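User: I would like a close look at one part of this model, followed by a connected account of what surrounds that part. Please take the empty space inside the protein as the starting point.

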Amino acid sequence: MRETPGMALALTHVTSDALLMSTSLAVVLPQTESVEPPPVLYLLHGLSDDDTAWVRRSSIERYAQDRGIAVVMPRVERSFYQDMAHGERYWTYVSEELPRIVRSLFRVSDRREDTFVAGLSMGGYGAMRLALLRPELFAAAASLSGALDMADPEMPRQRPDLYENAFGGREIAGTDADLHALLARATPADTPRLFVACGTEDDLWGMQQPFVDAARARGLDVTHLWSAGEHDWPYWDARIQDVLDWLPIRSRAGRRDEDAAGVS
């Protein structure tokens, strides 16, 4: 007898008011007859990927099945999770509209304590930005090989065209696009738990410890994991399992017990 539910994979096209166009997202959902909606992880892609990357390049469907969690993977192009200077309003889409769309189409929990965000590279940056700017939405957030210091002057020199499209040449330091500025304003009691992982052979390795140090100096709950690894899918496929193990995913039985006791 199967002890864990099967999974459904939905490759979906939706209409976005924020983007003024149709866009796509990939969703994996537990197939279960339980009346309790599953927790949900918003899983963000990197600069060179799209909404299908996690499904195609990792075993996220199998890992989610083992843990009874839904996973939502949106498409944001090369937006750096911004309302782009020369492009679409992807920040508004991901931070405001997407959760409403997901809850209207899929049976997932709408509770903060059951809602999480994670991502790799550009998506790691996006996950931390969501955690720090929209802390009321998420109980935990994780970054894998994240671009955690977009104010680093070396970043725009690598792809000035991408920076121009996303940020319009504006100074990032001290703005809402600067994670370190957001950390300095974060309230520990309100901020989600944070998880930061990176391979020590990764080109973005130098950004990781300063971010963790700044988070801890602010009194935030942050877990870090440094290990050998590069900026590649073998590393991310391994580490997303660590993220799922770390997430405070409550059992359905535990949620039923809390509901019976009047705990929300």
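By class, how many nonpolar, polar and charged residues does the lining of the largest cavity have?

Analyst: The model is a predicted one, and everything below should be read with that in mind. By class, the lining of the largest cavity has six nonpolar residues, no polar residues and no charged residues. The residues in question are Tyr42, Val94, Leu98, Pro99, Leu130 and Phe138, and it is helix α3, spanning residues 90-105, that gives the most to this lining, with three residues. The volume of the largest cavity is about 30 Å³, and the structure holds one cavity of 30 Å³ or more. Rolling a probe the size of a water molecule over the atoms shows where empty space is left.

The open space offers a useful counterpart to the enclosed one. The largest pocket has a volume of about 480 Å³. Its lining consists of 24 residues, of which Leu47, Ser121, Gln158, Leu204 and His231 are the closest to the centre of the pocket. Where the cavity lining has no polar and no charged residues, the residues that line the largest pocket divide into 13 nonpolar, six polar and five charged. Three helices, α4 (122-133), α5 (154-158) and α6 (160-167), each supply at least two residues of the pocket lining.

From the empty spaces one can turn to the charged side chains, beginning with an acidic residue that lacks a partner. Asp49 sits in the loop that runs between β3 (40-44) and α1 (53-57). Although Asp49 is buried, it has no salt bridge, and the nearest side chain of opposite charge, that of Arg57, is 4.8 Å away. Because a salt bridge requires a side-chain nitrogen of Lys or Arg within 4 Å of a carboxyl oxygen of Asp or Glu, the 4.8 Å separating Asp49 from Arg57 does not qualify. Apart from its neighbours within four places in sequence, Asp49 is in contact with Leu120 and Trp233.

Side chains of opposite charge can pair when their charged atoms come close. The structure holds 11 salt bridges, and several of them can be described individually. Asp50 and Arg56 are joined through their side chains in a salt bridge of 3.7 Å, taken from N to O, and Arg56 counts as exposed because its relative accessibility is 56%. Another salt bridge links Glu113 with Arg111, with 4.0 Å between the closest N and O atoms; here Glu113 counts as partly exposed at 25% relative accessibility, and Arg111 is likewise partly exposed, with a relative accessible area of 22%. In the salt bridge between Glu136 and Arg134 the closest N and O atoms are 2.5 Å apart, and Glu136, at 44% relative accessibility, counts as partly exposed. Salt bridges that share partners also join Asp51, Arg75 and Glu77 into one network.

Glu77, a member of that network, deserves attention for its backbone as well. Most residues other than glycine have a negative phi, and most peptide bonds are trans. The phi of Glu77, however, is near 55°, a positive value in a residue other than glycine. Glu77 lies in the loop between β4 (70-74) and α3, and at 35% relative accessibility it counts as partly exposed. Phe80 is found in the loop between β4 and α3, and its phi, too, is near 55°, which is a positive value in a residue other than glycine. Phe80 is buried, since its relative accessible area is 7%.

Two further buried residues complete the picture. Val27 has its place in strand β2, residues 21-31, and at 0% relative accessibility it counts as buried. Not counting residues up to four places away in sequence, Val27 touches Ala8, Leu9, Ala10, Val71, Val72, Met73 and Phe106. Phe211, found in helix α8 (residues 208-217), also counts as buried, at 0% relative accessibility. Leaving aside its neighbours within four places in sequence, Phe211 is in contact with Met128, Leu148, Leu179, His180, Leu183, Leu194 and Val196. The C-alpha atoms of Phe211 and Val222, which are 11 residues apart along the chain, are separated by 9.9 Å.

Technical notes. Residues are numbered from 1 along each chain as its sequence is written. This is a predicted model: local features need pLDDT of at least 70, side-chain atom pairs count only at pLDDT 80 or more; totals for chains, interfaces and linings use all residues. Side-chain values use heavy atoms; hydrogens and water are left out. Helices (H or I, at least four residues) and strands (E, at least two) are DSSP runs, numbered from the N terminus. Buried means under 20% relative accessible area, exposed over 50%, partly exposed in between (1.4 Å probe, protein chains only). Lys and Arg count as positive and Asp and Glu as negative; His and the chain ends are not counted. Contact means heavy atoms within 4.5 Å. On a 1 Å grid over the protein atoms alone, a cavity is a set of points where a 1.4 Å probe fits but cannot get out, and a pocket is an open set with protein on both sides within 12 Å along at least five of seven lines; lining residues have an atom within 4 Å of a point. Grid points are joined across faces, edges and corners, and a volume is the space filled by probe spheres set on the points. Ala, Val, Leu, Ile, Met, Phe, Trp, Tyr, Cys and Pro count as nonpolar, Asp, Glu, Lys and Arg as charged, and the others, Gly among them, as polar.
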